[in-house]
Structures are given as C-alpha cells and as structure tokens.
Amino acid sequence: MLVPENQTPNSFSDSMALPLISEGTRVRVVGILCDLALRRRLTSLGVRQDTEMQLLQQSRSGRAVVRIGFGRIALGPEIAQALRVVPLPERVETE
Amino acid sequence: MKPNRTMPTRKKVYADGVRTVALIGNPNCGKTTVFNLLTGTHQTVGNWAGVTVEQKTGKLLTEGREMIIVDLPGVYSLRGGGAVDETIARDYIRSGAADLLINIVDTSNLERQFGLTVELLETGVPVIILLNMTDEAERHGREVDSDHLSSITGSPVLPFVATRTGEKIKLLEVLNNFVAPLQRTPPFTYPEVVEDGISKIMHLLTPDSGFRPDRATAGGLLEGTIPACGSTEIDSTARDIRRAIEAATGERADDVIANEHFRFVQKLVDATILKSGSIIPTLSDKIDRVVLNRFLGVPIFFIIMYLLFVVSFSGGNVFLDFIDRMSHALFVALPGWILQSIHAPSWIVQLLATVAGGSIQLVLPFIAPIGFTFLFLTLLEESGYMARGTYVMEHFMRRLGLPGKALVPMVVGFGCNVPAVMATRGIEGSRDRLLVAMMQPFMSCSARLVIYMAFAAVFFRNSGGQVVFGLYVLGIVVAVLTALLLGKTVLRGEPRPFLLDLPPYRLPTARALAIATWHRLRIYLWRVGRVIATATVCIYVLASFAITPAGIAGTNSPGQSVLGKLGQAITPAFAPMGIDQSNWPATVGLLTGAVAKEVVIGTLNGAYSRSRSQASPDYLRVDIPREMLESVATIPVNARALATSFADPLGFGNLAEGNSAAAYSGAKQATLRALATHFTPLAAIAYLIFVLLYIPCVSTMGAIRRETGSWRWTVYAIVWGVVVAYGLATTWYQLGTIARHPAASVVWVLTTIGVLVATIQIMKWFGSRTGEVRRDTAERG
C-alpha cells in the first residue's frame, strides 16, 4: 500500500476515490492504494502521485476513462477505486 | 519545433560496428510505420523463440551496406508489467543484441514516454531519439527543444513524421553519420548509497552471470524488477544494499530508485518542452463520446463485430470460387497435365497432382474468409477502436470471470482457432492468458462450418440456420464454462485489474494494412497449410494400403484399408451417440478431423464411396486456360450476391436449397446419400456436437503448446475437449432416444455426469496443489 507520508489537510485527507468525482473534473492524484506491481504499471502509463488528469467518462460499474496530457487511459473499477484524488480548480487549458 | 543541429559526424556508423538496429517505443507511437518506412518490402516475420509473438526484422540497404532492423513489440517500461510481447521487448534490450536503439516517442505524449527513454539511456546501448508525430504535436501548439534534449541525453534527436515518405532521408542521414560515444556517462545519478549499490552489483555482472553489466540491469536487480535467476551472490548482495538504502533514506529502495528516475524524467520534460500546447477537442474526443457512451457503447461494439463477420464471410465468399477453381487449375490440373504429358507413372500423377495439389486446393479457399477477418481486425486495431471495444465489454467479461481482453481472441476464433490462440499474447498475466487460450478450441471455426453445411443440406433444410446458430452458441457457452471452471479450480484467482491505453483514432494507410494483414495470413498459411498438406498425403497413404496376412498391399476398398480398419475398430465407442458399426466412415472422419477439420468432408467423400479409383483423371483433356478464365468470371457473379448477404452472412437462407449448401460443403452426392442412410437427425446433431467440441486440430494444439509453453496444458485441452464432446453428444442422443431404451439411456447419462464430476474433482485437487505456486507466478508476471 502506498499512502503518502506528508498527509496534509489539503492532500490525502481531503482526497476521494476517483469514481466519486463527476465527469469532466480535473483532478490531481494524491495517493495510489495498490500493490507495487500495479503501481509500477500505472507509473509507466503516466499515472503517479501528483499526476494531473481529467475524468472524461465513468460508468456505473466504476470504470473510468481519464485524460493525462494528450493521452487517454481506461481504468478498471479496482484501479479507479485505488486512485485517491483531489479536484483541481477549473482553468482554461492553454499551457 | 526547433530542429536539432548537433548530429555527430565524426565517424560513420559502420566503423563503429553497428549492424543491428532495434526500434523500440511505447505501443501506438508509430514504431511499425517507421519500420515499414525503413525496410519497405524487405521484411521477414517469424516468431520469437518459444512464443508466438511476431518477430519482425527487415533489411536496410544504405550507402552500399546492410543493416538489420528489428521491430520490437511496444513496451511501456523496462521495469516489468504487461503481456508476453512486452517481456520479449525487455529481454531483447537486456540481451544487448542490438548495436543501436531507435527510441520512437510520440511527441504529444513526451511526459509519459520519456520514462522509457530514460530507462533505455541507462542500458548503455547507443540511442537515437525519434520525436515522432511532430505534426500532430504542432497542431496542439506544442514546442520541443530537440537540441537541448540532445545535449541532456547525449543522444541524437530527430523531429520526425513517419507517415511522410520523404522523412526517410533525414533518418538515413542520422543513421549513416551516427557515432557511438566511446564512453557513455550515466544520464543521471542516484543518491550516493544507491550509486554504491549499483557499482557493487555491476562488479558481480561478469560474463558468467548471464547479465549484461550496465546500470539498467544493476538497477533492476537492485530494486527487484529483474530476478537474480538463481545467483545467490547477486541476490544476497541486492538484499543487503536494499537494507542499506532503506536505513540511509528511510524509504524503500525501489521507491528511491523510482523517484530519482522520475525526477530526471521531469527534468527532461521541464527543460525540453518549451510549450506544452493546449488540449483542443479532437475527432477522437467526439468519436469517444459516442462509442464509449454507456448506452450506445455495447450495441456499437456488437454492430462492428457483426460487420466483421459479414465482411469476413460474405466478402470472402466473393473470392471463394475464384480461389477454388484457380487453385484447381494451377495446382491440380496443370501439374497433372505436365506429368501425364511426360508419361509419368499413374501413382506419381495421383500423389503429386490429385493428392498433394488437391490438398493445396483445399487450403487456399480458406484464405478468403480468414484473410478478410485479419484485414478487418487489423483495421480495428490500427484505427484505435479495438481498445475501445475491449473497454466497453470489460464489465461484461469480468462478470464471466474473464479479462476484458478475452474478447478479441474469441472473435478471431470464429475464423480460425490458431490465430485466436496466438492473439492471447495480448493478455496480461499468465493465469488470464491460460484461461483464454483454453477457451479457443471451442470457438466454432470456419472449417467446422463446412461440416455443418453438409449435414444441414441433408437433415435440416428448413431449420439449418437454427441448428448452425445453436452450435455456434454451444461453442461459446462451453468455452465460457471451461474458463469459469478453470478459474474456480486449477487457475483460481481474479482477473488482473483492467488498465488500457486508449490511442487516438488514426486512419491506417492501405500499405500498412496490407503489410500487417499479409504477415498474419502468411503465418496462418504456413502453419495450417503445411499440416493439412502433410495430413492429406498421410490419409491418402493410410487409405490406399491394407494389412493382409501376406503383408502390406495396395487396396482400392476404403473398408479394407488401414484407415478404414482403424475406424471400424473404434466405432463401437461411438455407439452411445448414435453411430452404429455400419457407419464406420463417420468415425474415420473424426480421426482425420483431429488433424484438421478441413479434411473431414474429403475423408467422408472417400470413406463412404464403396471403392476408390486408383486412376487419376485424364488431365490432358482439361482446358486449363478456360478454367482460369472461368474462375475470374465468378468474382463479379459472387459480388452481386454480396449485397443480399448482409442479413445472412453464413448463408443460412441457402440451406433450404440443399444443392447450394452441399456445394458449399464440398460433399459429393454419394456422401450426402450415405449420411441420410446412416444418420438420424438426432444422431446427426450428436455428431456435429462432437465435431464442434472434441480434439482441437493439430495446428491449434501446436499454437497452444507454443503459447502456454506447456505440454500439460496441451494435453488438458485435448482430454477436456474429448470428455466434454463425448459427454454432451452422448447425453443429447440418449435423452432424445430415452423412450426406446430408458434404462440404458439413464445409465449413459448418469455415467456422463459422473465422469464430468470426477474430472472437475481432479481439477479441484490440482488447483489446491498448484494454487500457491500460481499466485506467486502471477505476482511476478
């Protein structure tokens, strides 16, 4: 299990699982609650702590499609549930 | 995009001994397009040793010298994870077989793809970084400083658009002038305690250790992503260093390494991406809104799969007669004409033209439907839709206890089980891959359809559609139940968590499609074709000779031949499913069908005939040019029928016209009459159930052996298939005839259930023995 060490009120304790976020919201990953092998795999696909992503789509079963940079990744329900995220303030993406 | 102007020009690439150049990058980075651009038609496709992952190599002739270009499977990281193909790419890189790596990165996704780049730089093998798809990145407003990237990494960097043929010259210029630095400095350094550990491990990486002495390997051994492979010294040293790192930093060693690695990736990103660009809604976004929609996604998927079916079968049928008649003209009539013209002995004409040529004629028409299946699948994969389809169906498949990616092999299996088993290589985790591979023999392939058609023409003229459809469904049900059963017994566990990169939609070029389709088709033709050709000749020999008290002698009576006697000997075993002793030719069909389902009808044609002529047809009378012209004329005729076949791709409507279905199956009139005499409709269905489910053909068995790497699983596929086929066919027939012999039927049904329960108990017992081992394997995979 990976729980960030510096748990501040604005990070992990304020976080929620990705499926609880509404579609279209931009979020930052503050924790990944899964085993090492899966965490490595997520890292190789660009998902790690502090990664910013946008939830493009989610299903009732808990699956999700997220946008990271210009790429999109589909996550099964276990992985979506394992991602602890905090919503980011809305902004115009220009940079 | 700033051009890179710091390409080294000191020495030519050949002077540095560069011969083998490997292309490596994340999946969907445009690697194969670069490979096609560099090698053109000078490509060979084989398999990586021990697995069925395609190994694509090509030759590049430049400045009068030759380079070997290796197109490695897409890989996200050298640190592990992913399916077999990623392992292949990692092992190749670690082996040091490549003299130079071309790392292809999608410029729009540098933040992610630099992760692999940095890992490659650590291997010490010279790297050229190809910033691919710069046109797409520029459309987003992205600006990358390739000069700076080159200076930080110490590697040439080339902005590139692989889809433009003119770009090849730029890459050749870099390749021809590339100079491998005599000594490479590490791209970045770890904290001192880690660096000390890496040095210690590198000292242990002697030639005898089997490891390449580079920082990537040492780092991998240290963090445990590369197993020490039995070297206790390396293993214990790595463990000691891990403890030292944890004591010094207060963090896990693998976290320290991963964090430093990521810090350098971030440095590259910050230093070289001058403008990250803005996300503007693309066509991919718009399409995804529809195809991933929670209500529309599944129906769209099924429509596309149905279209795949229609295109494969109906599109294939347009060329079926053409290939059939043309191959008869070229491989049967022409060699027969030549041999008879030079007065070759009759048996040589029979063996080479009628039998060997006939077997080629038997295989080639399957090119049409299978080639179209491959073409459509390649289009779906290259366009980016297949990943979406997998995502859409993931929930459904998971409820069946299957990984989301199980769907693709199942669809391929309707064409041919061999590529279906091969397609399981895309599934992550040995447990999931095994589960899906074991399902494939039950998917009803196009060769079985031919057998169904012959029986439908005789017994089910008005309900053939339902019977054939029912057999397809039965195959799927047995496949899913097999996976469920294995998942609860021998392969206990949960499917791996679903994680999939969704590439942007791209329209593949016709050339790329043609090359990819041909590569798949060529493997199919070689694998399946040679088995069928060999089997046909063996069957001919077995059916031509009889064992008599005087010794082995030729015979033209199928019943007296070795094959006939063998069939007669085992026929009593099939009595419970309605095959009586006089129907021994049906059993002979099952024997040859174990080799290839394609030869069953041909065998029945021979076995049901009372005597077989040993003389060949008079090929001198065949008008070969006319036959070839007539074969071409069938294409427009069949194309006209295509429009009506969209609602009925398998041609169920034609079953009412017995002649059409019979012609499709290739069964002779004498065979059809014999089927009508020897089978009842009930026994016919029992026979078809058995044909659907029993032993996979030899080519599929070979694919299972290669894919699973295990004889035990291959034997399991055979035994389980026979048990299920025998059980279901017997149960069907006995329940249907229970009024005639109630006691015997009840005994047979109870026996069948008993055998099935015993088999499941054995599987459970095996599961309890091997469960722990499998979990360990899954953790590592």
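**Exercise 1. Describe how β1(B) pairs with strand β5 of chain B, and place β1(B) among its neighbours.**

Step 1. Take the pair itself. β1(B) and β5 (residues 100–106) of chain B run in the parallel sense, joined by 5 bridges. Two strands pair if DSSP finds at least two bridges between them. Helices (H or I, at least four residues) and strands (E, at least two) are DSSP runs, numbered from the N terminus.

Step 2. Fix the register. B:Gly25 stands opposite B:Ile104 in β5(B).

Step 3. Add the other partner. β1(B) also pairs with strand β4 (residues 65–71) of chain B, in the parallel sense over 4 bridges. Here B:Val21 stands opposite B:Ile69.

Step 4. Check burial. Strand β1 (residues 20–25) of chain B is mostly covered, with 5 of its 6 residues buried. A residue is buried if 20 or more other C-beta atoms lie within 10 Å of its own, exposed if 12 or fewer, and partly exposed in between; C-beta atoms are placed from the backbone.

A note on the source: this is a predicted model, in which local features need pLDDT of at least 70, side-chain atom pairs count only at pLDDT 80 or more, and totals for chains, interfaces and linings use all residues. Residues are numbered from 1 along each chain as its sequence is written, while chains are lettered from A and ligands numbered from 1 in the order in which they are written.

**Exercise 2. Decide whether B:Tyr92 is buried, partly exposed or exposed, and list its contacts.**

Step 1. Locate the residue. B:Tyr92 lies in helix α2 (residues 84–95) of chain B.

Step 2. Count neighbours. B:Tyr92 has 19 C-beta neighbours inside 10 Å, so it counts as partly exposed.

Step 3. List contacts. Leaving aside residues up to four places away in sequence, B:Tyr92 touches B:Ala22, B:Leu72 and B:Ala97. Contact means that the C-beta atoms, placed from the backbone, lie within 7 Å.

**Exercise 3. Find how α22 and α23 of chain B are oriented to each other.**

Step 1. Read the geometry. The axes of α22 (residues 562–570) and α23 (residues 584–593) of chain B come within 8 Å and cross at roughly 105 degrees. Axes are lines fitted to C-alpha atoms, for helices over the stretch in contact, and angles run from 0 to 180 degrees between N-to-C directions.

Step 2. Classify. α22(B) and α23(B) are therefore roughly perpendicular to each other. Angles under 35 degrees count as roughly parallel, over 145 as roughly antiparallel, 65 to 115 as roughly perpendicular and the rest as oblique.

Step 3. Name residues. The contact includes B:Leu563 and B:Ile570 of α22(B), and B:Trp584 and B:Leu591 of α23(B).

Step 4. Sort them. The contact residues divide into 7 nonpolar, 4 polar and no charged. Ala, Val, Leu, Ile, Met, Phe, Trp, Tyr, Cys and Pro count as nonpolar, Asp, Glu, Lys and Arg as charged, and the others, Gly among them, as polar.

**Exercise 4. Trace the open sheet that includes strands of chain A and β10(B).**

Step 1. Write the order. The 7 strands run β1(A)-β6(A)-β2(A)-β3(A)-β4(A)-β5(A)-β10(B), with antiparallel pairing.

Step 2. Find the edges. β1 (16–17) of chain A and β10 (499–502) of chain B each have a single partner strand, so one side of each is left without a neighbour in the sheet.

Step 3. Cross the chain boundary. β5(A) and β10(B) are antiparallel over 4 bridges, and A:Arg72 stands opposite B:Leu502.

Step 4. Set this in the interface. 29 residues of chain B are in contact with 28 residues of chain A. β10(B) gives the largest share of the chain B side, 4 residues.

Technical notes
Two residues are in contact if their C-beta atoms, placed from the backbone, lie within 7 Å.
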